[in-house]
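Here is a friendly walk through one sheet of a protein model. Have the sequence and the 3D view at hand as you read.

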Amino acid sequence: MTGTIDLNKAPDSYAAYSFALSDKFKIVAQDELREDDDMRESALKQFREWIAKHPLIRKCRTDAPFLLRFLRTKKFSIPAATEMLEKYLMIRQVYPNWFFKLDINDPELEAIIDSGYLFPLPERDEQGRRIIFSNSGKFDTSRFTSAQLIKIHSLVLETLMDEEESQISGYVHIMDDSELTIGFLSVWSFADIRNLAHCVQNSLPMRQKENHFVNLPSFANKLSEFILSVLSEKLRNRVHVHRGWDELKTKINPKLLPKEYGGTVPVAECIAQFKKQMKQRRDIVLALDDMEIEINKNSIPWADSTDADIASGVIGSFRKLEVD
């Protein structure tokens, strides 16, 4: 994909999509996602037609890599994928300080990346999954805010989510909490945590397969319990807490970890490689800000409610839009 993005392109004016991944990913796509050439072509056509006639969507990417994020996450259920896209577009506009201006050339965001707080590992695991590594102790709470923390996660994920291998096989997150401080936790409000949890589980088009927390200190137990309480049961079952790295290495191939943790590639090299990718995709990520859905922010209740779902409000009004 180049540095241009298709916004509301006519549904019938696209070049034919060609599946270019290895048989390994083709088999996973068929077995886990019900994906084949006919299913994919039909779903993309229906998705584009649905976007074109949606009364509130003003601008939206309609290229295959973008739409396949949602179709693959929802196993090619058109109603579920379209609903997730609505939520995705809406939360971007409701929380612009989290999801807009995701620019690697922003000195503050680049400084967080350079610190080693968050980056993907160079090699995929045996199942083809992308591993995202985080070290909470590297986030400078005296300099950066919780909004910038969420924003850096958004920047990293938007850089990665067009990768078709990851759309099919999913993601693994590893969090090194050995140096987690109370200061790191104090930058969060419970409202932020709740709202972010709603965003993650209701509107994030990525297959989150495993989340590993390593050396989580005892003072964080209450917070972790709260976070788990606002996640769906499906996501809760994919969260694993490990008392040490030896325990994690029974679940994750240690060779895939950074050199400092027993792997082969140093953290600095992991970051340098990823920054090249971020620079290459900078224009594509920034162009996401051009997407637009019309909303009435006063009618969106989830941000102020402990149990309201992000799907309520204006989104629910358009769940019944027909897809031919």
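This report follows the sheet from its overall order to its strand pairs and a few facing residues.

Please keep in mind that the model is predicted. Its open sheet is built from five strands, in the order 2-3-4-5-6, with mixed pairing. Strand 2 (118–120) and strand 6 lie at the edges with a single partner strand each, so one side of each has no neighbour in the sheet. From one strand to the next, the twist averages 20°.

Three of the pairings can be set side by side. As background, strands of a sheet pair through backbone hydrogen bonds, either parallel or antiparallel.

| Strand pair | Bridges | Direction | Residues standing opposite |
|---|---|---|---|
| Strand 3 (residues 130–135) and strand 4 | six bridges | parallel | asparagine 135 and aspartate 176 |
| Strand 4 (residues 171–176) and strand 5 | six bridges | parallel | methionine 175 and phenylalanine 213 |
| Strand 5 and strand 6 (residues 239–242) | four bridges | parallel | phenylalanine 213 and valine 241 |

Strand 5 (residues 208–214) is a good place to pause in your viewer. Is this strand mostly covered or mostly open? Mostly covered: six of its seven residues are buried. Strand 5 is joined to strand 4 by six bridges and to strand 6 by four.

Phenylalanine 213 of strand 5 links the picture across the sheet. Methionine 175 stands opposite phenylalanine 213, and phenylalanine 213 in turn stands opposite valine 241 in strand 6. Another facing pair sits between strands 3 and 4, where asparagine 135 stands opposite aspartate 176.

Conventions
Residues numbered from 1 in each chain as written. Predicted model: local features only at pLDDT ≥ 70, side-chain atom pairs only at ≥ 80, totals over all residues. Heavy atoms only, no water. Buried < 20%, exposed > 50% of the residue type's maximum accessible area, 1.4 Å probe, protein only. Helix = DSSP H or I, 4+ residues; strand = E, 2+ residues; numbered from the N terminus. Pairing = 2+ DSSP bridges. Axes fitted to C-alpha atoms, helices over the stretch in contact; angles between N-to-C directions.
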